[in-house]
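Student: Could you take me slowly through one part of this model, and then show me how that part fits with what surrounds it?

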Amino acid sequence: MIKKKPITEFLKTIIILLLFQLSTTSQSSHRKPPPLPILPIPKSRQISWQIAEMALFLHFGTNTFTDSEWGTGHVDPSIFNPKLLNATQWVTVAKDFGFKRVVLTAKHHDGFCLWPSKYTDYSVKSSPWRNGVGDVVAELAEAARNGGLELGLYLSPWDRHEHCYGETLEYNEFYMGQMTELLTRYGEIKYVFLDGAKGDGEKDMEYFFDDWFSLVHQLQPGASIFSDVGPDTRWVGNENGVAGSTCWSLFNNSAIKIGVYSDARYSAEGDAFGQDWVPAECDVSIRPGWFWHASEKPKSAMTLLDLYYKSVVGRNCPLLLNVPPNSSGLISDEDIHVLKEFSELRNSIFSHNLAKFALLSASSTRGDPNDSQFSPKNVIEEGLYTYWAPDQGQQSDWTLYLEFQQVITFNVLELQEPIQMGQRIIEFHLDMLDENRTWQHVVNGTTVGYRRLLLFPTVKAHLLRLVIDESKVFPLISHLGIYMDSYSVPQHVSDDTHTKSKFINNLVFRTAYNLSQSASI
């Protein structure tokens, strides 16, 4: 006779089996977490600076009234009298035409201060403007705050007026005293511009840059600091507003010294192996000079559009465009006209993303293909924090497909990486399917970063594929745009894929990155 198990034992077994099945089902339905970022990555203030994309630089001071670029430091301050000065006009011009930040030369090389500094009389308080009680910095800070724009300030290290310039300890104390005034009187400052400019034969002295940087971040933690080498953003190496066709946000701060001639190509292109996140910034003036001169005329809107492709959106660099107020204290009408045309050109081209009408698919997708978290459809969304991620098992030829219901005509490709996850893409290309169902090359590029634009001869197609040929680890794409620019004439079809880019693709590089990520992604 077979002895039966007690009913309680039977029920216990059933419950255990059910719990195991539920546990297994629950685990299999868990979402795939985001991949780990690859270092270095930007700080929050650097992301804020990059998202702003375009800033208006305002060179203004005694030079505006003397028809000069570098003042001597000995001009009588009574010459400064902009009778119609209206900082609200400056801010309105910037805001109306797409600029998110205004940056003022609070003190240029001549040492004249646009605020009433307690450390010198060589300032607005010694001028007839506003009867000697005016403060240009204060007026601009209020106008920017009311207009919803960010404020940045330039404080020249070189001071041709101050008697203690050349005495290292005394002048560094003086400079930090003035910096403290600027960063504690006027509310939030989002950007501080420093440079190493100094004329030949000037007094030899050491600037305590590390002390200055620490002070800025102590008093204004959200402020990005610009200099030749950062720490937050670097000079692109020229004042033409043009970045390298390959442009890494990665950099080695120790490779360049502020104010010392350096490798312009390194500044323009960055360093794929760089240990620091220091993206480049393109600075250029709308006029031949940095200060206003009655005899000079502004660049055309088409010239500014060309710079736009080669800097802020086009090559991973924000654009700092100088638009100097005139001697009346206003931005000139002819400059406003150019900025208006420039804004209209950008809006005409980039407000119509043809990719939004495409059916998107990918060679692979991270996690559950039915989950939208890393879906290829995310590339149509604006912003950094949604993106397409391929499956981590795919090691090359990561591909996005765009299928349109009808043939489209276009000549601009836009790409964006989620830079908070690191800069990854080394090389990519775009193909189209022709009438013979053969893939034809359209354009290729190297780095992407925050944003990348490529302009090429007009083509027509209904099926496209974007192929990421080389990437440090599997790529991430947060945005993709397809546009038609009816105004520009493309001069180059593709990037110059030079020896440096090919070197990045060597076995040592790929193996090192793959090994460092395989255990943790």
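Tutor: Let us begin with helix α10, residues 333-350, in what is a predicted model. The helix has 18 residues, and at 1.5 Å a residue these should span 26 Å; because its end C-alpha atoms are indeed 26 Å apart, the expected span and the modelled one agree. Within α10, the buried residues are D335, I336, V338, L339, F342, S343, L345, R346, I349 and F350. To read such a list, it helps to recall that an α-helix has 3.6 residues a turn, so residues three or four places apart point the same way.

The helix also leads us to the interior. The largest nonpolar core has 90 residues, and among these W90 and L104 touch the most other members. Helix α10 gives this core its largest share, which is seven residues. If we follow L104 and leave aside its neighbours within four places in sequence, we find it in contact with L58, F60, W90, L114, V136, V137, L140, G152, L153 and Y154. A second core, separate from this one, has 37 residues, including W388, F404, M432 and L464.

Finally, we can turn to strand β15, residues 452-471, which is mostly covered, with 14 of its 20 residues buried. Strand β12, residues 398-416, pairs with β15 in the antiparallel sense over 13 bridges, and here L415 stands opposite R452 of β15. Strand β13, residues 425-433, also runs antiparallel to β15 and is joined to it by seven bridges, with I425 standing opposite S471 of β15.

Methods
Residues numbered from 1 in each chain as written. Predicted model: local features only at pLDDT ≥ 70, side-chain atom pairs only at ≥ 80, totals over all residues. Heavy atoms only, no water. Buried < 20%, exposed > 50% of the residue type's maximum accessible area, 1.4 Å probe, protein only. Helix = DSSP H or I, 4+ residues; strand = E, 2+ residues; numbered from the N terminus. Pairing = 2+ DSSP bridges. Core = buried A, V, L, I, M, F, W, Y, C linked by side-chain atoms within 4.5 Å. Contact = heavy atoms within 4.5 Å. Expected span 1.5 Å × (residues − 1).
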